[in-house]
Amino acid sequence: MSDVEYLFMCLLAICMGPFSVVRRCINRETGQQFAVKIVDVAKFTSSPGLSTEGFTTTVCFLKLLNCT
């Protein structure tokens with residue numbers, strides 16, 4: 001069981017991209033529902049032209065939108 005699956009009961013995939021999937025999840029402790037973006041960092045950073053810096057930029061952008 002992954003860390004995400006331990007914390008959340010992952011349900012339907014809302015959307016999928018080349019490096020990530022957004023799933024509807026329920027926090028196992030509180031019962032609150034969330035959309036959780038699960039990123040395959042190894043796949044992302046191994047793609048030509050993409051790096052951990054690009055990934056960090058994406059995370060910072062989501063934080064600005066208050067999506068994390």
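**Figure 1. Ser-20 in strand β2 of the predicted model.** Ser-20 is buried, its relative accessible area being 18%. That value counts as buried because the cut-off is under 20%. The model shown is a predicted one. Ser-20 belongs to strand β2, which covers residues 20-27. Leaving aside residues up to four places away in sequence, Ser-20 is in contact with Lys-37, Ile-38 and Val-39.

**Figure 2. The aromatic pair of Phe-8 and Phe-34.** One aromatic pair is found when the whole structure is searched. The partners are Phe-8 and Phe-34, in an edge-to-face arrangement with 6.1 Å from centre to centre and 75° between the planes. Phe-8 sits in strand β1 (residues 8-16) and Phe-34 in strand β3 (residues 33-39), so the pair ties together parts of the chain that are 26 residues apart in sequence. The angle counts as edge-to-face because it is over 60 degrees. Phe-8 is buried, at 17% relative accessible area, whereas Phe-34 is partly exposed, at 36% relative accessibility.

**Figure 3. Val-4 in helix α1.** Helix α1 spans residues 3-7 and contains Val-4. With a relative accessibility of 24%, Val-4 counts as partly exposed. Val-4 touches Cys-10, Val-36 and Ile-38 when residues up to four places away in sequence are not counted. Ile-38 is also listed among the contacts of Ser-20. Between the C-alpha atoms of Val-4 and Phe-61 the distance is 21 Å, for a separation of 57 residues in sequence.

**Figure 4. Residues 6-22, an annotated segment.** The UniProt record, an unreviewed entry, lists residues 6-22 as "transmembrane region". In the predicted model this stretch, residues 6-22, is 71% strand and 12% helix. The C-alpha atoms at the two ends of residues 6-22 lie 17 Å apart.

**Figure 5. Glu-29 in the loop between β2 and β3.** Glu-29 is placed in the loop that lies between β2 and β3. Glu-29 counts as exposed, with 76% relative accessibility. The cut-off for this class is over 50%. From Glu-29 to Asp-3 the C-alpha distance is 14 Å, and the two residues are 26 apart along the chain.

**Figure 6. Ala-42 in helix α2.** Residues 41-46 form helix α2, and Ala-42 is located there. Ala-42 is exposed, at 54% relative accessibility. Ala-42 and Cys-60 are 18 residues apart in sequence, and their C-alpha atoms are 19 Å apart in space.

**Figure 7. Leu-65 in the segment after α3.** Helix α3 covers 52-64, and Leu-65 lies in the segment after α3. Leu-65 counts as partly exposed, with a relative accessibility of 49%. Partly exposed is the class because 49% is not over the 50% needed for exposed. Pro-18 and Leu-65 are 47 residues apart in sequence; from C-alpha to C-alpha they are 22 Å apart in space.

**Figure 8. The whole chain, as context for the close-up views.** The protein chain contains three helices and three strands, in the order α-β-β-β-α-α from the N terminus on. Along the principal axes, its C-alpha atoms fill a box of roughly 40 × 25 × 20 Å. The protein chain has 68 residues, and 15% of them are buried; Ser-20 and Phe-8 are among the buried ones. About 5300 Å² of the protein chain is exposed, and carbon and sulfur atoms supply 60% of that area. Of the contacts between residues at least 6 apart in sequence, 11% join residues at least 24 apart. Positive side chains number 6 and negative side chains 5 in the protein chain, with the centres of the two sets 8 Å apart.

Key
Residues numbered from 1 in each chain as written. Predicted model: local features only at pLDDT ≥ 70, side-chain atom pairs only at ≥ 80, totals over all residues. Heavy atoms only, no water. Helix = DSSP H or I, 4+ residues; strand = E, 2+ residues; numbered from the N terminus. Buried < 20%, exposed > 50% of the residue type's maximum accessible area, 1.4 Å probe, protein only. Contact = heavy atoms within 4.5 Å. Areas by Shrake-Rupley, 256 points an atom, 1.4 Å probe, with all protein chains shown as cover. Lys, Arg positive; Asp, Glu negative; His and termini not counted. Charge placed at Lys NZ, Arg CZ, Asp CG, Glu CD. Phe/Tyr/Trp six-rings, centres within 6.5 Å; stacked < 30°, edge-to-face > 60°. UniProt positions renumbered as here; feature names shortened; annotations may be inferred.
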